[in-house]
Amino acid sequence: MTRESNGLYYFHGRLDLQIKLHGYRIELGDIESTLVSTPLVHMACVLPVVRDGSIHHLTAFVVPTEAATGRGLKLTRQIKSLVRGMLPSYMIPRTFRYLDEMPLNTNGKADRKALSALIDA
């Protein structure tokens, strides 16, 4: 938000978790709640990956449940097959990163800033 010399305020960008990807408006919280509703995901946080100033794809950071066997490509395929019937294809994250525990902010929510630093790592 900026204040102009004429006293008007201008807002730049969104402050919520709605994004636009390939022409579709997407609520990231909808994807996260769908992932957590599966028996393989304990916690999830979905972030957009920005390349050249626009959103390129989605990445899901996932803490698997104890019922999840293995990690990597096998687990990603299992999760994607479970959510395929619940989400449109454009809402399914392209990449999945698996964590032992989700970094949390002081409010007990997923620390999106810490996770976004992992995207570039």
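The whole model contains one salt bridge, and this tour of the predicted structure begins there.

**Stop 1: the charged pair**

Select Arg-112 and Glu-32. Their side chains meet in the salt bridge, with 2.7 Å from N to O. The two residues belong to distant parts of the chain: Arg-112 is in helix H3, residues 112–120, while Glu-32 is in helix H1, and 80 residues separate them. Colouring the two helices separately will make this link easy to follow.

How accessible is each partner, buried or partly exposed? Arg-112 has a relative accessibility of 23% and therefore counts as partly exposed. Glu-32, with a relative accessible area of 12%, is buried, because the limit for that class is under 20%.

**Stop 2: the surroundings of Glu-32**

Keep Glu-32 selected and display helix H1, which covers residues 28–36. Which residues does Glu-32 touch, apart from its neighbours within four places in sequence? They are Ala-44, Cys-45, Val-46 and Arg-112. For Val-46, show the backbone as well: the side chain of Glu-32 reaches the backbone nitrogen of Val-46 at 2.9 Å.

**Stop 3: the hairpin**

Next, select residues 18–21, strand E3, and residues 24–27, strand E4; these strands pair in the antiparallel sense over four bridges. One place to inspect is Gln-18, whose bridge partner in E4 is Glu-27. E3 and E4 form a hairpin with two residues between them. In the turn, select His-22, which has a positive phi of about 55 degrees.

**Stop 4: the aromatic pairs**

Over the whole structure, a search finds two aromatic pairs. For the pair Tyr-24 and Tyr-90, the ring centres are 3.7 Å apart and the planes lie at 5 degrees, so this pair is stacked. Tyr-24 is in strand E4, whereas Tyr-90 is in the loop between helix H2 (73–83) and strand E7 (95–98); the pair therefore ties together parts that are 66 residues apart in sequence. Both rings can be examined with a surface displayed: Tyr-24 counts as partly exposed at 40% relative accessibility, and Tyr-90 is partly exposed with a relative accessible area of 27%.

Finally, select Phe-96 and Tyr-98, which form a stacked aromatic pair with 6.5 Å from centre to centre and 20 degrees between the planes. Hide the surface for this view, as Phe-96 and Tyr-98 are buried.

Methods
Residues numbered from 1 in each chain as written. Predicted model: local features only at pLDDT ≥ 70, side-chain atom pairs only at ≥ 80, totals over all residues. Heavy atoms only, no water. Pairing = 2+ DSSP bridges. Buried < 20%, exposed > 50% of the residue type's maximum accessible area, 1.4 Å probe, protein only. Polar contact = N/O pair within 3.5 Å; in protein donor to acceptor, adjacent residues only side chain to side chain. Contact = heavy atoms within 4.5 Å. Phe/Tyr/Trp six-rings, centres within 6.5 Å; stacked < 30°, edge-to-face > 60°. Salt bridge = Lys/Arg side-chain N within 4 Å of Asp/Glu carboxyl O.
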